[in-house]
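Here is a walk through one protein chain, a few residues at a time. Keep the viewer open and click along as you read.

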Amino acid sequence: MIVKNESRCLARCLQSVRGIVEELVIADTGSTDGTIEIAREFGARISNFDWIGDFSAARNFAIDQATGDWILVLDADEWVGENLAKEIPEFVRGNAAVGRLKVVSEFRRNKQLFRSQCFIPRLFPRGAHFEGRIHEQLASPLPRADLQGELWHDGYLEPQKKADRNVKLIAEELKRDPNNAYYLYQLALEYNSIGQPEKAFECLQKAFALAKPGDPAAPNIAVDFLYTIIELKKFEEGIKTVERAGKYLGDFPDFFLVRGLFFMHLIRSSPAKYVSELPRIEQSFQRCLALGEDERRKSVRGSGTFLASYNLGVFYQVFGNMAAARRFLEQSAAQGYEPAATLLKKTG
């Protein structure tokens, strides 16, 4: 691990790996709170690393301090779930591969809590290293294999803490490579996290224009661009974005979820002008349910299940089809989506 001022969450992280790791190796980049004391309580071996604005350099330094044959890389605002804790020892006994962990991140959109998930390489035999100043990538010739247990992450709930640092680092990368769609996307995420959607829009507009359909980040660039378009009510831009993205995102539930929401907002903005687009709302949410949840890409949980069911329920309720509304709201509520349960109580 690399850490700095992580007293809020470090104990939770270290507690979650007790019994599954043989040593705790921490590179501290200048903590001034109780981080060091917490790490010592858990028996961690601590090394100091002078921060040079390079995450890969810090990660690789920490790896060099480890003595084991296998490395598990964590951040302090993460914690290993019970199922993943069982999987890790099994994986290292039977694989010559890089383990990709299912990182489940909690975040807020419009004051509501959501969870996204994506697979990230974090468990690997000694010999691999990281590359990239920020949003560093693991370099290893070994094949990747996905573990199904969950690595939880709540750092997005405190965006301001690291946003200023991240914006500066990503901006430095973009000076060297101004047409890098991935870094433009990451910069947009930072701006959105701190309530600067106009700046995020500029980054996403450029990233969307630059991204090629086969790029790993292309689906999420399109989806986040549409959410920002909705927030800023830039509907003409949204119409073009929906049409272009739809040509290569026909199997991504997150795209159809935001597509349905976009047409909801579009029609609400000018009912007489856009009423002909009404069927696309229902079609979008139905397509989400037909696709189901997406495990291959970064995806918001519920896009192919309870979020789509909830929005279909709202749609049918607005148009007076109460039987269909209740059916889909009950479906969403049964999957644990609280707003659906709340709406059912209100409607009786």
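## Starting at Ser 299

Let's begin with the company Ser 299 keeps. Leaving out residues up to four places away in sequence, Ser 299 touches Arg 115, Ser 116, Gln 117, Phe 252, Asp 254 and Asp 294, where a contact means heavy atoms within 4.5 Å. One of these neighbours gets a polar handshake: the side chains of Ser 299 and Asp 254 make a polar contact at 2.6 Å. That term covers a pair of N or O atoms within 3.5 Å; within protein, one must be able to donate a hydrogen and the other to accept it, and residues adjacent in sequence count only if both atoms are side-chain atoms.

Ser 299 sits in strand S11, residues 299-300. Helices (H or I, at least four residues) and strands (E, at least two) are DSSP runs, numbered from the N terminus. Ser 299 counts as buried because its relative accessible area is 5%; buried means under 20%, exposed over 50%, and partly exposed in between, using a 1.4 Å probe and protein chains only.

## Where the model comes from

This is a predicted model, so to speak of local features a pLDDT of at least 70 is needed, side-chain atom pairs count only at pLDDT 80 or more, and totals for chains, interfaces and linings use all residues. Residues are numbered from 1 along each chain as its sequence is written, and side-chain values use heavy atoms, with hydrogens and water left out.

## The chain as a whole

In secondary structure, the chain comes to 15 helices and eleven strands. Its C-alpha atoms fill a box of roughly 65 × 45 × 40 Å along the principal axes. The radius of gyration is 22 Å, which agrees with the value near 20 Å for a compact globule of 348 residues. That radius is taken over C-alpha atoms, and the globule rule is 2.2 Å times the number of residues to the power 0.38.

Buried residues make up 50% of the 348. Take the contacts between residues at least 6 apart in sequence: 65% of them join residues at least 24 apart. On the charge side, there are 46 positive and 46 negative charges, and their mean positions are 5 Å apart. Lys and Arg count as positive and Asp and Glu as negative, while His and the chain ends are not counted; each charge is placed at NZ of Lys, CZ of Arg, CG of Asp or CD of Glu.

## Arg 297, just before S11

Back to the S11 area. Arg 297 is in the loop between helix H12 (278-291) and S11. Arg 297 counts as buried because its relative accessibility is 17%. A polar atom of the Arg 297 side chain lies 3.1 Å from the backbone oxygen of Asp 251. Apart from residues up to four places away in sequence, Arg 297 touches Gln 117, Pro 219, Asp 251 and Phe 252.

## Helices H4 and H7

In helix H4 (residues 82-94), Leu 84, Ala 85, Ile 88 and Phe 91 are buried. The buried residues of H4 pack against five named strands: S4 (70-72), S5 (78-80), S6 (98-109), S7 (112-125) and S10 (144-153).

Over in helix H7 (residues 197-210) you will find Ala 200. Ala 200 is buried, at 0% relative accessible area. Not counting residues up to four places away, Ala 200 touches Ala 188, Tyr 191 and Asn 192. Leu 189 is eleven residues from Ala 200 in sequence, with 6.9 Å between their C-alpha atoms.

## Some loops worth clicking on

Most residues other than glycine have a negative phi. Asn 110, in the loop between S6 and S7, has a positive phi near 55°, and its 72% relative accessibility makes it exposed. His 135 also has a positive phi, about 50°. His 135 lies in the loop between strand S8 (129-131) and strand S9 (137-139), and counts as partly exposed at 23%.

Ile 52 is in the loop between strand S3 (45-48) and helix H3 (55-65). Is Ile 52 buried or exposed? At 54% relative accessibility, Ile 52 counts as exposed. Neighbours within four places aside, Ile 52 is in contact with Ala 57 and Arg 133. Pro 143, in the loop between S9 and S10, touches Ala 96, Ala 97 and Val 98, again not counting residues up to four places away.
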